[in-house]
Amino acid sequence: MKTVWNSLLIALTLLLSNSASVVLAEPTTIEHTTPIEDPLATEPKKSPEELARYQKLVEADRLYLAGDRIAALNLYRQVKTPFAEISESQPKPEPILDPTQLPPAGQVYWREALAGIDQKLESRIFVPLQLLVERYPEFIPGHLRLAQALKDYNRSEAALQVLEKAYSLYPNQPDLLKAKIAAQAASENWLEASIAARQFALLNPDHPQAAEFTRLADDNLKRYRSHLRSQLRGNAIASVLTGALSYALTGSIFDPISAVETIAILIQGEQAIGERIAKSAQRQLDLIKDPEVLDYINSLGQKLAKLSGRDDFEFQFYVVLDEDLNAFALPGGKIFVNAKAIIHSNSEAELAGLLAHEISHAVLSHGFQLVTQANAIDNVAVLIPRGGILSNLLTLNYSREMEQQADILGTRILAASGYAADGLRNLIITLKKQQPEFPITFLSSHPDTDNRIRYLENLIQRNSYNRYAYEGVARHAEIQTKIRKLLRDYKQQSRQRQRHLN
């Protein structure tokens with residue numbers, strides 16, 4: 001046993017050292033392909049209109065902190081453009097739980113299926129149930145019965161597909177999610193079951209069953225870790241991926257990550273993984289060490305993190321001396337933000353929106369989930385090239401659903417923190433105005449900029465989140481001035497080092 005663990009530790013050390021780092025979260029990035037004006041050359045000058053708006057926001061923030069919320073709200077309303085009317089898509093039928101509420105044809109299908117189940121006649125079970133869920137997808141018991149019937153006839157994969165499709169249509173139906181989690185656990189997909197349960201609990205904190213889903217998440221995570229440990233104890237180590245990861249360090253003598261290394265990483269859990277990778281990143285990246293800047297970003301991040309629902313994470317926040325518009329989250333809540341992302345945000349609320357989005361990716365275990373899925377070989381960007389910087393990072397291919405989950409939870413965290421709830425939405429608009437030739441998509445799988453703005457506006461309006469709350473423009477402007485100077489000094493020192501080397 002001691003020999004096995006020593007081998008694992010050696011493999012993990014090789015992986016996380018020698019200028020290599022595993023990235024398990026999606027960076028928020030905008031690639032520049034054409035030269036643009038250096039924003040660090042001078043402080044941006046405000047037009048008379050922009051200056052008047054800024055001064056009103058400063059006063060509104062002062063009133064807000066002083067407790068005069070009504071006067072602050074009136075000033076915020078003066079400088080904030082109203083949202084467009086909520087855009088309604090084709091409404092889905094309300095879910096039906098009682099068979100007597102089905103139309104007559106639906107009730108016939110239901111009775112026929114129940115009779116087939118009693119008689120154990122396969123053809124009499126599946127035909128009416130499949131017609132029922134196709135024609136009346138709002139009938140939740142139909143999906144549950146079809147999934148159970150498929151499972152009874154040893155078609156577990158098809159049963160899970162039925163539940164996943166139904167849950168995507170009606171994500172607020174806990175019975176569908178419980179059945180999906182049970183199906184995942186029965187297939188020994190304990191990590192997926194844990195993450196699905198935790199996502200529901202975090203995205204629906206006021207739901208009466210939120211605590212039950214948190215327990216389901218913890219129980220399935222324990223089963224997953226126990227399974228991996230039993231594999232190691234039995235010396236029957238097998239990859240949880242479909243194959244060895246195919247990316248390797250550029251010019252490295254090391255092979256792609258092996259099954260042993262993969263399990264060694266995963267078994268530690270998100271917190272330990274994030275800590276190890278963060279240490280590697282700190283060795284490679286030029287980080288800001290200015291106490292005032294660090295106190296600013298850490299105070300802001302910790303305030304948001306406390307509302308994230310993951311007390312098992314030790315959140316840490318870093319600012320990278322880099323001119324790419326970029327931010328990324330490692331498992332366990334290690335958040336890295338590039339200096340230029342802070343410079344390009346207009347307020348503390350906008351920066352908080354960015355941090356809340358990245359925090360949400362971490363607490364929803366998106367990166368950790370992708371690296372354990374069967375298609376991880378197509379999604380994982382494993383290592384930073386030697387001598388590379390964050391702009392060289394390959395990225396995980398987050399799904400559209402994951403991106404929207406991070407936006408939803410991030411905006412909820414933002415609203416609960418007392419910042420203006422439209423911080424993330426405003427940041428996207430800010431960047432779109434500053435960089436019109438570069439679409440803000442985060443990744444190709446994410447909705448385009450305009451669609452993203454619309455669904456964030458709809459989210460804020462439907463949930464009555466307060467967008468006329470604290471913006472934090474004055475303090476943010478002071479930090480931006482300091483970061484501009486730090487970046488200028490860094491660039492100058494880099495040029496001097498380069499000349500010396502040449």
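This briefing covers the nonpolar cores and the aromatic pairs of the structure above. The model is predicted, so local features need pLDDT of at least 70 and side-chain atom pairs count only at pLDDT 80 or more, while totals for chains, interfaces and linings use all residues. Residues are numbered from 1 along each chain as its sequence is written, and side-chain values use heavy atoms, with hydrogens and water left out.

**Nonpolar cores**

- The largest nonpolar core (buried Ala, Val, Leu, Ile, Met, Phe, Trp, Tyr and Cys residues joined through side-chain atoms within 4.5 Å; buried means under 20% relative accessible area with a 1.4 Å probe, protein chains only) has 55 residues, and those with the most contacts inside it are Leu304, Leu355 and Ile483.
- Helix 15 (residues 348-363; helices are DSSP runs of H or I, at least four residues, numbered from the N terminus) gives the most to this core, with 9 residues.
- A second, separate core of 35 residues includes Ala149, Tyr167, Ala193 and Phe213.

**Aromatic pairs**

- The structure holds 9 aromatic pairs, counted where ring centres of Phe, Tyr and Trp (its six-membered ring) lie within 6.5 Å, with planes under 30 degrees apart taken as stacked, over 60 as edge-to-face and the rest as tilted.
- The rings of Trp110 and Phe139 have centres 5.0 Å apart and planes at 90°, so this pair is edge-to-face; Trp110 counts as buried at 10% relative accessibility, and Phe139 counts as buried at 0%.
- Tyr419 and Tyr470 form a tilted pair, because their ring centres are 6.0 Å apart and their planes are at 45°.
- Ring pairs link Tyr64, Tyr76, Tyr419 and Tyr470 into a cluster.

Notes: Buried < 20%, exposed > 50% of the residue type's maximum accessible area, 1.4 Å probe, protein only. Helix = DSSP H or I, 4+ residues; strand = E, 2+ residues; numbered from the N terminus.
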